[in-house]
Amino acid sequence: MRANSTITVHNIRTPIHTMRILLCLLAVLLAVPPETSAQKQAGAPERLADGSLLLDDFESDPVGGLPVGWFDRDGNRELVNYDSNVQEEYKYRIMEEEGNRFLRYEGMHAKHINYPLANKEMVNIHETPVLSWRVRAHELPDNADEDVSDRNDSVVSVYVVFEFGHVLFRKVPKSIRYSWSTTRETGSQFSKLFGNQKILVIESGEARTGEWVTFERNIYEDYRELFGETPPKQPLAILVLSDGDSTGSHVMADYDDFILKPVGN
């Protein structure tokens, strides 16, 4: 963002002198590129011409840094506002390849990152129920299994988090976790947290590692099928998690282009 400047001109004697100063000032202003709407509203969704809602494509984020508009797991603090030591604990970074920017995870330890939806007025999954995103898996956790506690690692997981349910005497959010599994077959389903977290395996194994893969899920219909009720119009957040800490594995994966679409787009 450009800082405001004040230019004071003294002893202007002729119209020619005035014109020269104005031309110089215009040249300076033209040399500084204006802010784009993405830079002004980093982390804000963008309505596309086809009615879809672009949540994030990471194009306005600085390469090498954490993504703007993403928070810690519980949505308490934006990642870029943490001090450098805490930021280093998050193994997610913006990368660029052939002019395209994307989010990469590379590491072992589990740390969710959170893109809030509850404060985004444009979000309504009754109108745009299809969540689309792209991922590229590079290194899968060894022998991981989402249904076994001490092997519960995934190269790629995308969560859609909804309103809170209950576990014993505390509230936990209902969520759908879409997972790229090392060992479980595509189409496998699991339930955790007394039924408040549903896990769907949408890709399995190493066959498509190293290539960009686009996934689309009708999260409205998935919620109705998995929880037996109509979902709220606005989920709380989308969470991303890649990890290998349970199996002691080094994991690498890329994420890009989170979009909510109308049915049929």
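Biologist: What relative accessibility does L193 have, and how does the residue count on that basis?

Modeller: The model is a predicted one. The buried class ends at 20% relative accessible area and the exposed class begins over 50%. At 40% relative accessibility, L193 therefore counts as partly exposed. The residue sits in the loop that connects strand 9 (189-192) to strand 10.

Biologist: What is the phi of L193?

Modeller: The general expectation comes first. Most residues other than glycine have a negative phi. L193 is not a glycine, yet its phi is positive, at about 55°. D257 is another case: its phi is near 55°, again a positive value in a residue other than glycine. L193 belongs to a loop, whereas D257 lies within strand 13 (residues 251-261).

Biologist: How should one read the overall fold, and how many helices and strands does the protein have?

Modeller: One may begin with the secondary structure, which comprises four helices and 13 strands. Burial comes next: 43% of the 265 residues count as buried. Sequence separation then shows how contacts are distributed. Among contacts with a separation of 6 or more, 69% join residues 24 or more positions apart.

Biologist: How many residues of strand 8 are buried?

Modeller: Nine of its twelve residues are buried, so strand 8 is largely enclosed by the rest of the structure. For strands in general, the side chains alternate between the two faces of the sheet when the strand is regular. As for its partner, strand 8 pairs with strand 10 (residues 197-204) in the parallel sense, over seven bridges. W180 stands opposite E203 of strand 10. S175 is also a member of strand 8, and this residue is buried because its relative accessible area is 5%, under the 20% limit. Beyond residues up to four places away in sequence, S175 touches Y159, V160, V161, N196, Q197, K198 and F227.

Biologist: Which strands supply at least two residues each to the lining of the largest pocket?

Modeller: A pocket may be read by its volume, its lining and the elements that supply the lining. The largest pocket holds about 590 Å³ of space. It is lined by 21 residues, of which R73, D74, V161, P173 and L239 are the closest to its centre. Strand 5 (113-116), strand 7 (154-167), strand 8 (170-181) and strand 12 (237-243) each supply at least two of the lining residues. Strand 8 provides the largest share, four residues. By character, the lining divides into eleven nonpolar, six polar and four charged residues.

Biologist: Is R104 buried or exposed?

Modeller: The same reading of accessibility applies, with the limit for burial at 20%. R104 has 15% relative accessibility and therefore counts as buried. Its place is in strand 4 (residues 100-107).

Biologist: Which side chains form polar contacts with that of R104?

Modeller: The side chain of D254 makes a polar contact of 2.7 Å with R104, and the side chain of H138 makes one of 3.5 Å. The wider surroundings follow from the contact list. With neighbours within four places in sequence set aside, R104 is in contact with K91, Y92, R93, M95, R136, H138, M252, A253 and D254.

Biologist: How far apart are R104 and Y255 in sequence and in space?

Modeller: The two residues are separated by 151 residues in sequence, while their C-alpha atoms are 6.3 Å apart.

How values were computed
Residues are numbered from 1 along each chain as its sequence is written. This is a predicted model: local features need pLDDT of at least 70, side-chain atom pairs count only at pLDDT 80 or more; totals for chains, interfaces and linings use all residues. Side-chain values use heavy atoms; hydrogens and water are left out. Buried means under 20% relative accessible area, exposed over 50%, partly exposed in between (1.4 Å probe, protein chains only). Contact means heavy atoms within 4.5 Å. A polar contact is a pair of N or O atoms within 3.5 Å; within protein, one must be able to donate a hydrogen and the other to accept it, and residues adjacent in sequence count only if both atoms are side-chain atoms. On a 1 Å grid over the protein atoms alone, a cavity is a set of points where a 1.4 Å probe fits but cannot get out, and a pocket is an open set with protein on both sides within 12 Å along at least five of seven lines; lining residues have an atom within 4 Å of a point. Grid points are joined across faces, edges and corners, and a volume is the space filled by probe spheres set on the points. Ala, Val, Leu, Ile, Met, Phe, Trp, Tyr, Cys and Pro count as nonpolar, Asp, Glu, Lys and Arg as charged, and the others, Gly among them, as polar. Two strands pair if DSSP finds at least two bridges between them.
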